[in-house]
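Welcome! Here is a short briefing to help you find your way around a structure that is new to you. Take a look at it first, and then read on.

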Amino acid sequence: MTEYRVLGRTGLKVSPLCLGAMMFGWWGESDPEESARIIDRALDSGVNFIDTADVYSQGQSEEFVGQALAKSGKRDEVVLATKCHQPMGQGPNERGNSRRWIFQAVENSLRRLGTDWIDLYQIHRPDPATDIDETLGALTDLVRQGKVRYIGSSTFPAHLMVEAQWASERRSLERFVCEQPPYSPLVRGIEADVLPTAEKYGMGVIVWSPLAGGWLTGRYRKGQDQPETRRSAMLPQRYDLALEGNQRKLDAAEQLAVLAEEAGITLIELSLAFTIRHRAVTSAIIGPRTMEHLDSQLSAAEVRLSDDVLDRIDEIVAPGVTLNAADAGWQPPELAEASLRRRP
């Protein structure tokens, strides 16, 4: 992997594939030594970007990443990203985007990662209960304290991205330098607004779930039994084939698999190459649980899809279309709660 891309307007150069650490810990690979071997293999291949979050395996992912980097001595070579927001305990203030929780969460992450600083600290989801000025003010203090180098958002809709940029300018606060949205050939909604917004404001984009939660690994094909996984059991709205949106995903995954075969590449390579070909995308997060998973994904960095193949993908799933709304990653509270849509 020889290509490196600038993250937004920061000047920071990162690899087009980012190693996602969600599967390190009891959610996936529970052996820290095997996780370290996967991390070392990725770094040796040219990946210089690792993304994790405090909530992944309730902190164990950060611990595994920190131990691996300490053992290899490569902390200074890595752009290390993590996130806060999701619940980390039973208390009402052990979650969210408040100043109190951000200050506590970053100290916990620094301790688990075994580092003095975090290169990219991201807000994992919007928090309607917290003013964006409160969140940006807390993050700005962390940057000025030297605990965080850059700040970013994850799964923010376009209008909240704009609001955050305006708040930073108005209050002279640090700005989100990147956004981390879901993106794959099956989940293209961000092409309509999030990606153009990121370009307009000079933000980098690090996309998550480029294989659509496993739908684009080749395991979901017509005429064969669908895999039963812990994820599919936990998220039936994204996997249950009795639902129309998931049936549409199966149809598209089948067509994309045939297209990949015709192009002489794997479906995994096709899907990852598609995401990093978009002009607004800086890097795609790969989330291997095994060494085999990692090796099947690293080769995508060297694949360049022709315009003909990209046109065929557009015919299978139209630009700006997400086949199942449950894959969008975040639902505005106004859609989930009827009282927010009705005048009392």
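Start at the surface: the chain exposes about 15,300 Å², and carbon and sulfur atoms supply 48% of that area. Please keep in mind that this is a predicted model. The points below go from the whole chain to a few single residues.

**The chain as a whole**
- You can count 13 helices and ten strands in the chain. With a radius of gyration of 19 Å, close to the 20 Å given by the globule rule for 344 residues, the chain is as compact as a globular protein of that length.
- Along the principal axes, the C-alpha atoms fit a box of roughly 60 × 55 × 40 Å.
- Of the 344 residues, 56% are buried.
- Among contacts with a separation of 6 or more, 79% join residues that are 24 or more positions apart.
- The side chains include 39 positive and 49 negative ones, and the centres of these two sets lie 4 Å apart.

**The annotated domain**
- An unreviewed UniProt entry places the feature "domain: NADP-dependent oxidoreductase" at residues 16–317.
- That span, residues 16–317, is 44% helix and 13% strand, and its end C-alpha atoms are 23 Å apart.

**The loop between β4 and α2**
- T52 sits in this loop, which runs between β4 (49–51) and α2 (60–72). Is T52 buried or exposed? Its relative accessibility is 0%, so T52 counts as buried.
- Which residues does T52 touch, leaving aside neighbours within four places in sequence? T52 is in contact with A21, S61, E62, A81, T82, K83 and L113.
- Two residues of the loop deserve a look at their backbone angles. Most residues other than glycine have a negative phi.
- S57 is not a glycine, yet has a positive phi of about 55°. S57 lies in the loop between β4 and α2, and at 1% relative accessibility it counts as buried.
- Q58 is not a glycine either, and its phi is positive too, at about 50°. Q58 also belongs to the loop between β4 and α2, but with a relative accessible area of 41% Q58 is partly exposed.

**M88 and its contacts**
- Where is M88 found? Look in the loop between β5 (79–84) and α3 (99–113).
- M88 has 17% relative accessibility, and because buried means under 20%, M88 counts as buried.
- Not counting residues up to four places away in sequence, M88 touches D54, V55, Q58, G59, E94, W101 and R112. Q58, one of these contacts, is the partly exposed residue described above.
- M88 and G46 are 42 residues apart along the chain, and 33 Å separates their C-alpha atoms.

**V148 in strand β7**
- V148 belongs to strand β7, which covers residues 148–154.
- With a relative accessibility of 2%, V148 counts as buried.
- Its contacts are V106, I118, Y121, L142 and V143, once residues up to four places away in sequence are left out.
- How far apart are the C-alpha atoms of V148 and A81? They are separated by 9.7 Å, although these residues are 67 residues apart along the chain. A81 is also one of the contacts of T52.

Key
Residues are numbered from 1 along each chain as its sequence is written. This is a predicted model: local features need pLDDT of at least 70, side-chain atom pairs count only at pLDDT 80 or more; totals for chains, interfaces and linings use all residues. Side-chain values use heavy atoms; hydrogens and water are left out. Helices (H or I, at least four residues) and strands (E, at least two) are DSSP runs, numbered from the N terminus. The radius of gyration is taken over C-alpha atoms; the globule rule is 2.2 Å times the number of residues to the power 0.38. Buried means under 20% relative accessible area, exposed over 50%, partly exposed in between (1.4 Å probe, protein chains only). Contact means heavy atoms within 4.5 Å. Accessible areas come from the Shrake-Rupley method with a 1.4 Å probe; for residues, only the protein chains shown count as cover. Lys and Arg count as positive and Asp and Glu as negative; His and the chain ends are not counted. The place of a charge is taken as NZ of Lys, CZ of Arg, CG of Asp or CD of Glu. UniProt positions are given in the numbering used here, feature names are shortened, and annotations may be inferred rather than shown by experiment.
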